[in-house]
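Biologist: I would like to learn how to read a protein model, one feature at a time. Where should a beginner start?

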Amino acid sequence: MTETILVPGGRDVRATLDRARGDASDDADDTDDPAGQGDAVVVACPPHPQHQGHRGDARLVAVSDALAARGVDCLRFDYGPWDDGYGERADTLRAVEWAAERYDRVGLFGFSFGGAMALLAAAEGAAVDAVSALGPAARLAAGLDAADAFDRIPVPVQVVYGTRDDVADWEPVVERAREYHQPVVEFAADHFFIGQEEKVAAAVADFLLANLGVE
């Protein structure tokens, strides 16, 4: 079951909550009801909105499907109006806040630009238990360096990348993850992981669910 969510915060941030189970009568906007779906959710950040990135991205949907198969919800959201990465980071923080008000444990995932957003939000104090970044961009703008974010992320971080990726500048992020002894997973794939979405999603779900305490 899916529901459309308007994330509070002053920007037009819309999201889709993919519920792994439950019935349609549950009100996902009721803060007194922890979404009626158990106690774990993953927030998923889409790719660059100026390059047609959106919450229906195939990588985000594949991760959501992998989570649902194991009983965990996923909140896939779209950023508000383009703001050079700064407003998009704020959108990510607001989406995590929405999730944290309703669930006991929150994971954070992002692909490409969204991978950088996930790392940057975690570094800014997002209330998450683990972060997975897929094909992350490294540096977006002044003060938005995803590689440097590792210095300020207090939770486990996974970085997944394609060895044939010539789109994102993922190398600095991978190097920093290894410096911090965080798990790095590589695939013989391009930036879009064409034909390998399910395998990638399984690797992401395994990491996030292990750190969310989900069997």
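**Reading the sheet**

Modeller: Start with the sheet, which is open and mixed in its pairing, with eight strands in the order 1-2-4-3-5-6-9-10. Strand 1 (2-7) and strand 10 are its edges, each pairing on one side only. From one strand to the next the twist averages 20°. Keep in mind that this is a predicted model.

Biologist: What holds strands together, and how many bridges join strand 5 to strand 6?

Modeller: In general, strands of a sheet pair through backbone hydrogen bonds, and the pairing is either parallel or antiparallel. Here strand 5 (residues 105-111) and strand 6 (residues 130-134) run parallel and are joined by five bridges. To see one of the pairs, find Gly-110, whose bridge partner in strand 6 is Ala-133.

Biologist: Which residue of strand 9 is the bridge partner of Ser-132?

Modeller: Ser-132 has Gln-158 as its partner in strand 9. Strand 6 and strand 9 run parallel, with four bridges between them. Four bridges also join strand 9 to strand 10, again in parallel. On that side, Val-159 has Val-184 of strand 10 as its bridge partner.

Biologist: Which way do the side chains of strand 9 point?

Modeller: The general idea is that side chains in a regular strand alternate between the two faces of the sheet. In strand 9, Val-157, Val-159 and Tyr-161 point one way, while Gln-158, Val-160 and Gly-162 point the other way. The residues on both sides are buried.

Biologist: Why is strand 9 described as largely enclosed?

Modeller: Six of the six residues of strand 9 (residues 157-162) are buried, so the rest of the structure largely encloses this strand. A residue counts as buried when its relative accessible area is under 20%.

**Helix and surface**

Biologist: Is Ala-121 buried or exposed?

Modeller: Ala-121 is buried, at 0% relative accessibility. This residue is found in helix 3 (residues 113-123). To get a sense of scale, take Ala-121 and Val-185, which are 64 residues apart along the chain: their C-alpha atoms are separated by 21 Å.

Biologist: What about the outside? Which residues make a nonpolar surface patch?

Modeller: Val-167, Phe-192 and Ile-194 make a nonpolar patch of about 290 Å² on the surface. Ile-194 sits in the loop between strand 10 (184-187) and helix 5 (197-211). With a relative accessible area of 57%, Ile-194 is exposed.

**Salt bridges**

Biologist: How do I read charged side chains, and how many salt bridges are there?

Modeller: Side chains of opposite charge can pair when their charged atoms come close. The count for this structure comes to 15 salt bridges. One of them joins the side chains of Arg-11 and Asp-91, at 2.6 Å from N to O. This pair links distant parts of the chain, 80 residues apart: Arg-11 is in the loop between strand 1 and strand 2 (13-18), and Asp-91 is in helix 2 (residues 86-100). Arg-11 is partly exposed at 23% relative accessibility, whereas Asp-91 is buried at 2%.

Biologist: Which parts does the pair of Arg-176 and Asp-151 tie together?

Modeller: Their side chains meet in a salt bridge of 3.4 Å, N to O. Arg-176 lies in helix 4 (residues 171-179) and Asp-151 in the loop between strand 8 (144-145) and strand 9, so the bridge ties together parts that are 25 residues apart in sequence. Arg-176 counts as buried, at 18% relative accessibility.

Arg-176 also forms a salt bridge with Glu-179, at 3.2 Å from N to O. Both of these residues lie in helix 4, three residues apart, which is about one turn of the helix. Glu-179 is exposed, at 51% relative accessibility. Through shared partners, salt bridges join Asp-148, Asp-151, Arg-176 and Glu-179 into one network.

**Cysteines**

Biologist: How many disulfides does the structure have?

Modeller: A disulfide is a covalent bond between the sulfur atoms of two cysteines. A search of the whole structure finds zero disulfides. For Cys-45, the nearest cysteine sulfur is that of Cys-74, 9.7 Å away.

Biologist: Why do Cys-74 and Cys-45 not form a bond?

Modeller: The sulfur of Cys-74 is too far from that of Cys-45, its closest cysteine sulfur, because the separation is 9.7 Å. The cut-off for a disulfide is within 2.5 Å. Cys-45 is buried, at 0% relative accessibility, and Cys-74 is buried with a relative accessible area of 1%.

Terms used:
Residues are numbered from 1 along each chain as its sequence is written. This is a predicted model: local features need pLDDT of at least 70, side-chain atom pairs count only at pLDDT 80 or more; totals for chains, interfaces and linings use all residues. Side-chain values use heavy atoms; hydrogens and water are left out. Buried means under 20% relative accessible area, exposed over 50%, partly exposed in between (1.4 Å probe, protein chains only). Patches are made of residues with over 30% relative accessible area and no salt bridge: like charges are joined within 9 Å, nonpolar side chains (Val, Leu, Ile, Met, Phe, Trp, Tyr) within 5 Å. Accessible areas come from the Shrake-Rupley method with a 1.4 Å probe; for residues, only the protein chains shown count as cover. A salt bridge is a side-chain nitrogen of Lys or Arg within 4 Å of a carboxyl oxygen of Asp or Glu. Helices (H or I, at least four residues) and strands (E, at least two) are DSSP runs, numbered from the N terminus. Two strands pair if DSSP finds at least two bridges between them. Axes are lines fitted to C-alpha atoms, for helices over the stretch in contact, and angles run from 0 to 180 degrees between N-to-C directions.
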